[in-house]
Amino acid sequence: MNELLKYLPELTELPGISGKEEKVREYILEKIKNKVDEYHVDVMGNLIAKIKGKDSSKKVMLLAHMDEVGFMVTKVNDDGTFHISPVGGVDPRVVFAQRLKVKGEILSIIQIKPIHLLNANERKSKPDYTSFKVYTGYEKTELKKKIKLGDMVTFDIKFYMSGDRAVSKAFDDRAGCSWMMNLIDKIYEGYKPEYDTYFAFVVQEEVGLRGSGVAAHYIKPNVALVLEGTTAGDYPLLDKDKWATHLGNGPATFFMHSGVVLSKEIFDKIISVAKENNIKLQFKMRTAGGTDARRLATTLDGIPSGILAVPSRYIHSPNTIIDINDYINGYKLLELLVLEGRILK
């Protein structure tokens with residue numbers, strides 16, 4: 001396996017919905033704490049690390065969110081089942097009959113009514129979370145000792161790789177977290193960045209971009225680069241003119257998305273560095289959805305931002321697919337932008 005993928009499998013398998021990112025943060029901190037000049041965890045749960053650059057007159061902020069979409073327990077029933085509500089945008093259609101884990105430990109499965117028992121109206125209707133029950137196999141008394149209201153529930157899925165494609169949950173945004181950890185490793189090997197560089201592993205992006213503004217207030221950067229997993233949409237049942245990005249066409253950058261128009265100066269720099277180094281780059285062609293760049297645009301006096309993302313097919317599902325070459329080329333572009341200071345020059 002490519003050295004740049006050494007963190008990605010474990011990161012994606014870790015449980016960490018919005019507001020409950022502890023296991024992800026602990027894993028990242030253990031890997032980076034001896035490789036950075038300083039770090040701290042703020043009251044929100046953001047992990048912020050700093051590496052001093054050759055020039056301390058300016059600050060570059062790299063940002064990726066640790067949280068994934070998932071669920072919380074909303075009711076524990078007397079029949080040994082429980083109910084869930086989504087945390088972040090999870091279409092109920094991708095949840096049918098899926099394996100889940102409570103608190104990253106307790107195995108469970110979504111119960112659904114067998115199709116041969118559905119009436120005509122039920123077959124046509126779109127599922128919703130009120131109709132789901134989650135089964136664990138525990139009896140009522142034992143279940144209520146193990147599972148409480150508000151407990152974290154995530155998809156139970158392992159990282160799998162075949163050829164140039166990888167499948168897992170949570171590439172949004174453990175891919176961005178992994179990129180930052182790769183870059184910290186590179187700098188630790190002796191490649192000092194041009195400017196002071198802050199690595200913000202932030203929380204609660206999926207429920208309203210909550211952590212990034214707090215981190216930015218602490219750092220007060222000159223520029224920011226948001227690292228993400230983003231929608232692909234390149235599957236046969238969708239017309240090509242509706243595709244957002246395409247697996248295998250390189251990492252993606254954005255000119256705008258819901259709620260923000262990105263800095264044209266940074267956008268042009270990303271394109272220029274990619275062209276100069278023959279790195280395939282694509283543009284996200286659908287502007288729905290959002291990233292922490294929207295929060296940064298309204299934080300402090302406004303922070304100019306760019307976005308670099310890994311296209312992800314079936315995003316926010318248990319079986320998200322990425323192209324490994326997109327991931328690797330995205331990291332190469334990130335390295336050039338930061339180590340050579342091109343994000344600011």
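**Exercises: two helices and a pocket**

H5 and H9 are oblique to each other, therefore neither parallel nor perpendicular (under 35 degrees counts as roughly parallel, over 145 as roughly antiparallel, 65 to 115 as roughly perpendicular, the rest as oblique). The model is predicted: local features need pLDDT of at least 70, side-chain atom pairs count only at pLDDT 80 or more, and totals for chains, interfaces and linings use all residues. Residues are numbered from 1 along each chain as its sequence is written, and side-chain values use heavy atoms, without hydrogens and water.

**Exercise 1.** Find the angle at which the axes of H5 and H9 cross.

Step 1. Locate helix H5 at residues 171-188 and helix H9 at residues 324-339. Helices are DSSP runs of H or I with at least four residues; strands are E runs of at least two, and both are numbered from the N terminus.

Step 2. Compare the axes, which are lines fitted to C-alpha atoms over the stretch in contact, with angles from 0 to 180 degrees between N-to-C directions. They come within 10 Å and cross at roughly 50 degrees.

**Exercise 2.** Name residues of H5 that meet H9.

Step 1. Apply the contact cut-off: heavy atoms within 4.5 Å.

Step 2. Read along H5: Ala175, Ser178 and Trp179 are among the residues that meet H9. Partners in H9 include Asp326, Tyr327 and Gly330.

Step 3. Sort by class: 9 nonpolar, 3 polar and 3 charged residues. Ala, Val, Leu, Ile, Met, Phe, Trp, Tyr, Cys and Pro count as nonpolar, Asp, Glu, Lys and Arg as charged, the others, Gly among them, as polar.
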